[in-house]
Each structure stands twice: as structure tokens, then as C-alpha cells.
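Here is an informal tour for anyone meeting this protein for the first time. Have a look at the model, and then we'll walk through it piece by piece.

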Amino acid sequence: MQEENLIQLQKSIRSPRSAALAGILFSVLLIASMLLITGITQVSPAEINMKWIESRVDSVSLALKLVPFAGIAFFWFTGVIRDHIGDREDRFFATVFLGSGIAFVVLMFVWAAATGAVFGSVSLAADQIADKDIFIFGFVFMNEILGNYVLRIAGVYMFSIGTIWSRAVIMPRWLTLITYLVALLFLFFAGSIREARFIFPAWVLLTSVYILITNKRLERRIDSPSQSNTQVNVSK
């Protein structure tokens with residue numbers, strides 16, 4: 001009976017570990033991309049000119065190459081989290097959780113594509129562009145997607161998974177409360193929080209590190225009885 005419980009415990013920790021690794025990868029990639037483009041997310045229209053744009057083409061190009069991989073890692077993180085919850089998840093909030101996760105990645109890709117189009121047009125046809133109004137429109141469009149849509153859908157994602165955690169009693173209360181608090185901030189104040197784009201990947205990183213630490217503890221619990229049984233067999 002004890003061996004069967006250990007086997008079930010070994011199977012249960014595989015999914016959380018994958019979720020932790022995927023979450024850490026997503027956080028690192030998204031934070032790195034946001035750091036590379038920090039200067040363009042807070043610029044005013046008066047500061048936009050061709051020279052300013054050309055000076056940031058390389059860093060933006062590198063940042064946008066990281067975004068697709070961040071999206072893939074986030075899909076993996078979401079899928080493995082759902083697999084770990086299993087039959088304990090609430091179907092309604094699970095649907096909202098999955099749908100908001102998909103919407104988040106789609107909006108993130110739209111934001112990245114808009115950013116790439118603005119800076120890519122400079123690389124391809126800088127000599128043929130005489131009016132900077134198209135760039136002003138592009139920057140306003142990028143900031144609108146990021147501030148009013150990407151972060152708010154991230155708030156829905158966090159609120160739904162926080163509710164699932166609370167009902168299934170999977171995560172500690174302190175992490176669930178942090179999740180609810182950040183979700184509410186995103187839903188109502190996303191556009192006014194200056195560094196909000198760093199908070200969501202930081203939350204994913206916090207969740208992933210907690211899962212990883214919990215897995216290590218479970219692995220020690222599994223290894224300890226196994227080592228004890230081995231010593232008993234040897235003594236016999």
C-alpha cells in the first residue's frame with residue numbers, strides 16, 4: 001500500500017515540475033524582452049523622430065525574437081497547471097482560465113507584431129517615409145494593446161486560477177491572496193501602473209519557484225522511504 005502511494009506521488013510531481021520550468025522560461029524571456037524595449041513603451045509623441053527610432057531598431061528586433069518563445073512557454077505553463085489540477089478544477093473558472101490564457105498570448109503576439117511593423121518599416125524604407133504620424137499611431141496602438149488589453153486579460157487569468165486554487169486548496173493562502181490582489185490591480189488600474197508589464201511575469205516566476213521548491217520537498221519524501229527500505233534489505 002505504501003509503495004502504491006509513493007508511485008502515485010511520483011506521477012503527481014512530474015507535471016508541476018514541467019509547469020515550474022515553463023513558467024520560469026516564460027518569465028525570463030518576457031522580462032528580458034520588456035527590458036530591451038523599455039524606452040519605447042513610455043515615449044511621448046513629441047520625442048518620436050526617425051533618428052530616435054533608428055537607434056532602437058536592433059534592441060527591439062532582439063526583443064521581438066524572444067516573444068514567440070515566451071508565448072510557447074506560457075502555453076506549456078498553462079497546460080501543465082491544468083493537468084496538475086485534474087478533476088479538482090472548477091469547470092467554469094477552468095474555462096475562463098484557459099480562454100484568458102489563449103487571449104493573453106494572442107494579444108501579446110499582436111502587440112509584438114505591431115511593434116515589429118513600426119520598427120521594421122524604418123529598416124526597410126526609411127528614405128521613403130516623410131511623415132512621422134504613422135509612427136505616432138503605431139506607438140499609441142502598441143501602448144493601448146499592452147496597457148488596456150494584455151494586462152487586463154492577465155488579470156482575468158490570475159483571478160480565475162486564484163479561485164481554482166482557493167477551491168481546490170492546492171496553493172498556500174498567501175500566494176492566492178497575492179494573486180487576487182495583483183489581478184484586481186490589473187483589472188482596474190493596469191493603464192496607470194508604470195511598471196505593470198513586469199509584474200505579471202514576476203508573478204509567474206514566483207508561482208513557478210514555489211512549485212519547484214515544493215517538488216524538491218516531495219522528491220525528498222519519496223527518496224527517504226526508498227533509502228530506508230534499501231538499508232533494511234541489505235541488512236537482511
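Let's start with one helix. Helix H5 covers residues 57-85, which makes 29 residues. From its first C-alpha to its last, H5 reaches 42 Å, close to the 42 Å expected at 1.5 Å a residue. Right after H5 comes Gly86, and its phi is positive, near 65°.

Now step back a little. What you're looking at is a predicted model. The protein has 9 helices and 0 strands, so to read it from the N terminus you simply go α-α-α-α-α-α-α-α-α. Of the 236 residues, 41% are buried. Take the contacts with a separation of 6 or more: residues 24 or more positions apart account for 84% of them.

Next, the inside. The largest nonpolar core holds 59 residues, and the members that touch the most others are Phe26, Phe104, Trp111 and Phe200. Helices H2, H5, H6, H7, H8 and H9 each give two or more residues to this core. H7 supplies the largest share, with 14 residues. As a general point, nonpolar side chains tend to be buried together in soluble globular proteins.

Here are the residue ranges of the helices that feed this core, H5 having been covered above:

| Helix | Residues |
|---|---|
| H2 | 14-36 |
| H6 | 91-125 |
| H7 | 133-168 |
| H8 | 173-189 |
| H9 | 196-235 |

Which residues does Phe200 touch, leaving out those up to four places away in sequence? They are Phe26, Phe74, Phe104, Ala154, Tyr157, Met158 and Phe186. Two of these names, Phe26 and Phe104, also sit in the list of core members that touch the most others.

And the outside? The protein exposes about 13000 Å², with carbon and sulfur atoms supplying 63% of that area. On the surface there is a nonpolar patch of about 600 Å², made by Phe75, Leu98, Ile102, Val106, Val110, Phe137 and Phe141. Two helices, H6 and H7, give two or more residues to the patch. H6 gives the most, with 4 residues.

Val106 is one of the patch residues, and it lies in helix H6. Is Val106 buried or partly exposed? With a relative accessible area of 46%, Val106 counts as partly exposed, because that label goes to values between the 20% and 50% cut-offs.

So H6 turns up in both places: it gives residues to the nonpolar core and to the surface patch.

How values were computed. Residues are numbered from 1 along each chain as its sequence is written. This is a predicted model: local features need pLDDT of at least 70, side-chain atom pairs count only at pLDDT 80 or more; totals for chains, interfaces and linings use all residues. Side-chain values use heavy atoms; hydrogens and water are left out. Buried means under 20% relative accessible area, exposed over 50%, partly exposed in between (1.4 Å probe, protein chains only). Contact means heavy atoms within 4.5 Å. Accessible areas come from the Shrake-Rupley method with a 1.4 Å probe; for residues, only the protein chains shown count as cover. Patches are made of residues with over 30% relative accessible area and no salt bridge: like charges are joined within 9 Å, nonpolar side chains (Val, Leu, Ile, Met, Phe, Trp, Tyr) within 5 Å. A salt bridge is a side-chain nitrogen of Lys or Arg within 4 Å of a carboxyl oxygen of Asp or Glu. The expected span of a helix is 1.5 Å times one less than its number of residues. A nonpolar core is a set of buried Ala, Val, Leu, Ile, Met, Phe, Trp, Tyr and Cys residues joined through side-chain atoms within 4.5 Å.
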